[in-house]
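Dear colleague,

Please find below the structure that I am handing over to you. My findings follow directly after it, and I should be grateful if you would read them alongside the coordinates.

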Amino acid sequence: MYKYHGTVFSFSYEDNGYKTIADIVLGEISDREKPPVRLTAHGALAGYINNIEMTDAEERYIQSDWYYDSNLFLDRIEVPNSGHIPAKVITQADFLSDDLCIFGPPSYIETDSPEPINNEQYTAWHRHRAEHC
């Protein structure tokens, strides 16, 4: 897995009933020297990105960690907090899944300094990773 720290600069979204795809360009606003990256998200993860981009939720603007594979397919998004445990993890069982897995608050984060996920959610996230990665 590769990791990019940044936010969505631009995206396009397609949902034609049998496939859902988002083409995403990520960048880091605070570092103009860092090159952007273009990723593809499928299934429920693509839908999540489309939905949050239509809001003004603070989560949309937080510099998050975006994990992707060598095919540039998005695997998960981790919204960081000030510690080592993420505030939220958004993923799915596989890259075509229509089942979204959210560890942390199910609604959008509305603060720029979110709390880490609780121990129960953190354990569930690690169990999910062990079963699906």
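The secondary structure of the protein chain, which is a predicted model, consists of two helices and seven strands. Read from the N terminus, the order of elements is β-β-β-α-β-β-β-β-α. The radius of gyration is 14 Å, close to the 14 Å that the globule rule gives for 133 residues, so the chain is as compact as a globular protein of that length. Along the principal axes, the C-alpha atoms occupy a box of roughly 35 × 35 × 30 Å.

Some totals for the chain may be useful. Of its 133 residues, 42% count as buried. Among contacts with a separation of 6 or more, 51% are made by residues 24 or more positions apart. The exposed area comes to about 7500 Å², and carbon and sulfur atoms supply 49% of this area. The chain carries 10 positive and 22 negative charges, and the mean positions of the two sets lie 4 Å apart.

The nonpolar core

In soluble globular proteins, nonpolar side chains tend to be buried together. Here the largest nonpolar core has 22 residues, of which Ile24, Leu26, Ala41, Ile49, Trp66, Leu74 and Ile77 touch the most other members. Two or more residues each are given to this core by strand S1 (2–15), strand S2 (20–27), strand S3 (37–42), H1, strand S4 (64–68) and strand S5 (74–79). The largest share, five residues, is that of H1.

Leu74 illustrates how these parts meet. Apart from neighbours within four places in sequence, Leu74 is in contact with Ile24, Leu39, Thr40, Ala41, Leu45, Ile49, Trp66, Tyr67 and Tyr68.

Helix H1

H1 is mostly covered, with ten of its eleven residues buried. The buried residues of H1 are Gly43, Ala44, Leu45, Ala46, Gly47, Tyr48, Ile49, Asn50, Ile52 and Glu53.

Asn50 deserves a separate remark. Asn50 lies in helix H1 (residues 43–53), and its relative accessible area is 14%, under the 20% cut-off, so Asn50 counts as buried. Beyond its neighbours within four places in sequence, Asn50 is in contact with Phe11 and Tyr13.

The loops

Gly17 belongs to the loop between S1 and S2 and, at 73% relative accessibility, counts as exposed. The C-alpha atoms of Gly17 and Asp112, 95 residues apart in sequence, are 35 Å apart in space.

Pro36 sits in the loop between S2 and S3. Its relative accessible area is 52%, which is over the 50% cut-off, so Pro36 is exposed. Pro36 nevertheless touches Tyr4, Val25 and Leu26, residues up to four places away in sequence not being counted. From Pro36 to Thr7 the C-alpha distance is 9.8 Å, with their positions 29 residues apart in sequence.

What is the sign of phi at Leu72? Most residues other than glycine have a negative phi. Leu72, although not a glycine, has a positive phi of about 65°. Leu72 is located in the loop between S4 and S5, and its relative accessibility of 37% makes it partly exposed.

Asp98 is placed in the loop between strand S6 (88–92) and S7, where it is exposed, with a relative accessible area of 64%. Leaving out neighbours within four places in sequence, Asp98 is in contact with Gly43 and Ala44, both of which are among the buried residues of H1. Asp98 and Glu59, 39 residues apart in sequence, have C-alpha atoms 22 Å apart.

Is Gly104 buried or exposed? Gly104 is part of the loop between strand S7 (100–103) and helix H2 (119–132). With a relative accessibility of 16%, Gly104 counts as buried. Other than neighbours within four places in sequence, Gly104 is in contact with Ala87, Ile117 and Gln121. The C-alpha atoms of Gly104 and Trp125 are separated by 9.1 Å, the two residues being 21 apart along the chain.

In closing, I would draw your attention to two points. H1 is mostly covered and gives five residues, the largest share, to the largest nonpolar core. Leu72 has a positive phi although it is not a glycine.

Yours sincerely

Terms used
Residues are numbered from 1 along each chain as its sequence is written. This is a predicted model: local features need pLDDT of at least 70, side-chain atom pairs count only at pLDDT 80 or more; totals for chains, interfaces and linings use all residues. Side-chain values use heavy atoms; hydrogens and water are left out. Helices (H or I, at least four residues) and strands (E, at least two) are DSSP runs, numbered from the N terminus. The radius of gyration is taken over C-alpha atoms; the globule rule is 2.2 Å times the number of residues to the power 0.38. Buried means under 20% relative accessible area, exposed over 50%, partly exposed in between (1.4 Å probe, protein chains only). Contact means heavy atoms within 4.5 Å. Accessible areas come from the Shrake-Rupley method with a 1.4 Å probe; for residues, only the protein chains shown count as cover. Lys and Arg count as positive and Asp and Glu as negative; His and the chain ends are not counted. The place of a charge is taken as NZ of Lys, CZ of Arg, CG of Asp or CD of Glu. A nonpolar core is a set of buried Ala, Val, Leu, Ile, Met, Phe, Trp, Tyr and Cys residues joined through side-chain atoms within 4.5 Å.
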